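Opening the notebook on this one. I want to go through the domains, the ligand site and a few odd backbone spots.

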Amino acid sequence: MKTLSLKSLSKTYFDAYAGTQVTAVRDVSLDIAEGEFVAIVGPSGCGKSTILNMIAGFIPASGGEILVGGRLVKGPGPDRGVVFQSFALFPWKTVIDNVGFGPKMRGVPKAERDAIAREYLALAGLTEAAGRYPNELSGGMQQRVGVVRALANEPDVLLMDEPFASVDAQTRMTLQEELTRIWQERRPTVLFITHDVAEAVFLASRVIVLSRGTVKAEVEIDLPRPRTWDSLAHDNGFKDLSAEILGLVRTA
Ligand code: ADP
């Protein structure tokens, strides 16, 4: 099962300047079902990245447990795919070889991993870019390749930390539309972190509002799919949910 469970997760950092402990995450419990798209929103410093980094296995938790498909997380692993705002594609590899890198590490033969990579590239409209190098692509296209690379690894859970924050507003909307379309087609289990409430409501099936390291509220997003900005920008349900969540974030 491609599920993600957080059980009473907590994280304390030592602040070397102040010489004190800082509680970044406190008693966070969350169950994400297979194929669900959950977004965590909250103001800067509320602990979003800390949660994601613990799930990815990059930093240890101070307390609690993380389970992926029922298995305890003890460090990084291919069962979790991660997409960050700024991440490096391998500059010396073509797009198709970047996307096929995960399957290569798993020992998938070249012809087979090229086929997997081409399938995922096609899903994101990147077929034409297969033979290009990262420095020949726009920022938006590089982010797209990053998402495709994570998907091609077929992780149990896809972890995304503000993946579209560094591209221009127009490109961001296109990438959000693409992601929601791909999610609907493939139904990966996704945990998406953002401080952008509209982005969270647009993409997610459930939004978690985080406040000072702990869960403040949970809101189901029962808006119809497929979702496009044309269909949702003037939708009253979308506006009401965004206003409700923005209110929760602003008083967080
Ligand atoms: P967000 O992603 O919501 O902006 P973070 O998870 O980055 O929040 O940070 C949560 C809290 O933990 C903040 O108070 C931040 O200053 C603190 N923090 C994050 N990383 C460290 C670290 N390596 N050492 C000390 N404090 C940290």
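Domains first: the bounds I use come from an automatic or database domain assignment. The model is predicted, so I take local features only at pLDDT of at least 70 and side-chain atom pairs only at pLDDT 80 or more, while totals for chains, interfaces and linings use all residues. Numbering runs from 1 along each chain as its sequence is written, and side-chain values use heavy atoms, with hydrogens and water left out.

**Entry 1, domains.** I looked up the split and got domain 1 (4-79 + 156-250) and domain 2 (91-154). Their centres, taken over C-alpha atoms, are 25 Å apart. For contacts (heavy atoms within 4.5 Å), I find 16 residues of domain 1 against 12 residues of domain 2. Next I checked buried area, meaning the accessible area (1.4 Å probe) that two parts lose on being put together, summed over both. Between domain 1 and domain 2 it comes to about 1200 Å², with carbon and sulfur atoms giving 63%. Which three residues lead on the domain 1 side? L158, I182 and R186 do, supplying 37% of the area that domain 1 buries against domain 2.

**Entry 2, ligand.** I listed the residues around the ligand (a heavy atom within 4 Å of it): Y13, A24, P43, S44, G45, C46, G47, K48, S49 and T50. By class that shell has 4 nonpolar, 5 polar and 1 charged residues; here Ala, Val, Leu, Ile, Met, Phe, Trp, Tyr, Cys and Pro count as nonpolar, Asp, Glu, Lys and Arg as charged, and the others, Gly among them, as polar. Helix α1 (residues 48-56) gives the largest share of the shell, 3 residues. My helices (H or I, at least four residues) and strands (E, at least two) are DSSP runs, numbered from the N terminus.

Then I checked distances to ligand oxygen atoms. A polar side-chain atom of T50 lies 2.5 Å from one. A backbone N or O atom of G45 is 2.7 Å from a ligand oxygen, and for G47 the backbone figure is 3.1 Å. The protein covers 59% of the 560 Å² of accessible area that the ligand has on its own (Shrake-Rupley method, 1.4 Å probe).

**Entry 3, backbone.** Most residues other than glycine have a negative phi, and most peptide bonds are trans. I noted D27, with phi near 55 degrees, in strand β2 (residues 20-32). E154 has a positive phi of about 45 degrees and sits in the loop between α5 (139-152) and β7 (157-161). R225 and P226 are joined by a cis peptide bond, omega about 0 degrees. P226 is in the loop between β10 (214-220) and α8 (229-232).

Terms used
A polar contact is a pair of N or O atoms within 3.5 Å; within protein, one must be able to donate a hydrogen and the other to accept it, and residues adjacent in sequence count only if both atoms are side-chain atoms.
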